[in-house]
Amino acid sequence: MTAKTWAYEDFVEGASLDLGTKEVNAAEIIAFASEFDAQPMHLDEAAGKASILGGLSASGWHTCAMFMRMLCDAFLLDSTSQGSPGIEHVKWKKPVLAGDTLSGTVTVLAKRQSKSRPQLGLVTMRSELFNQRGESVFELENTGMFLTREAAA
């Protein structure tokens, strides 16, 4: 494995990491929905406006996928990540609409080394995405598994 910037030791409880920004456009909402979540409010502006969502809106699963891309670009691809044993919860708090600009943060809640695999650390994180008005649109809590720096060498 080549040297990675982020190993288990680099995560500090209470620290927040910036996920940057992501502009959401109608074409990507429709493309994702066409393949994975073909509900009318994700495929058509008029249907979206007629729904309680108020406009062409990204599927919640599309929001998860956009979050994952932001997470990868921010630090995950430059880390010793070994995946995740699962997600504690995910909430879609407000619609993500065509034209929105998402920004996000990840906050480290806790960390511990595995007792059975000491070369592996578990990092519990709370992630949140916001729209351009600063409104929280998405939150997720999960544990990521990261190799220690020594194990990754």
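# Strands, pockets and one serine

In strand β3, Thr101 is the bridge partner of Glu23. The model is a predicted one. This briefing covers the pairing of strands, two pockets and the surroundings of Ser81.

**Strand pairing**

- Strand β1 covers residues 16-23 and strand β3 covers residues 101-113.
- These two strands run antiparallel and are joined by six bridges.
- β3 also pairs with β4, again in the antiparallel sense, and this pairing has ten bridges.
- Arg112 has Leu122 of β4 standing opposite.
- The connection from β3 to β4 is a hairpin of six residues.

**The largest pocket**

- The largest pocket holds about 280 Å³ of space.
- Its lining is made up of 19 residues, and those nearest the centre are Phe67, Met68, Leu71, Ser84 and Asn142.
- Four elements each supply at least two residues of this lining: α4 (60-74), β2 (86-92), β4 (120-130) and β5 (136-147).
- Of the elements, α4 gives the most to the lining, with five residues.
- By residue type, the lining of the largest pocket has twelve nonpolar and seven polar residues, and no charged ones.

**The second largest pocket**

- About 190 Å³ of space lies in the second largest pocket.
- The second largest pocket is lined by 15 residues, and Leu53, Ala58, Gly60, Trp92 and Pro95 are the closest to its centre.
- Helix α2 (40-43) and helix α4 each give at least two residues to this lining.
- α4 therefore contributes to the linings of both pockets, since at least two of its residues are counted in each.
- The lining of the second largest pocket includes two charged residues, alongside seven nonpolar and six polar ones.

**Ser81 and its surroundings**

- Ser81 sits in the loop between α4 and β2.
- Ser81 has a relative accessible area of 24%, so it counts as partly exposed, because the partly exposed class lies between the limits of 20% and 50%.
- Apart from neighbours within four places in sequence, Ser81 is in contact with Leu76, Met145 and Phe146.
- A polar atom of the Ser81 side chain lies 3.2 Å from the backbone nitrogen of Gly83.
- Thr21 is 60 residues from Ser81 in sequence, and the C-alpha atoms of the two residues are 22 Å apart in space.

Definitions and conventions
Residues numbered from 1 in each chain as written. Predicted model: local features only at pLDDT ≥ 70, side-chain atom pairs only at ≥ 80, totals over all residues. Heavy atoms only, no water. 1 Å grid on protein atoms, 1.4 Å probe; cavity = no way out; pocket = protein on both sides within 12 Å on 5 of 7 lines; lining within 4 Å. Points joined across faces, edges and corners; volume = space filled by probe spheres on them. Nonpolar A, V, L, I, M, F, W, Y, C, P; charged D, E, K, R; others polar. Pairing = 2+ DSSP bridges. Buried < 20%, exposed > 50% of the residue type's maximum accessible area, 1.4 Å probe, protein only. Contact = heavy atoms within 4.5 Å. Polar contact = N/O pair within 3.5 Å; in protein donor to acceptor, adjacent residues only side chain to side chain.
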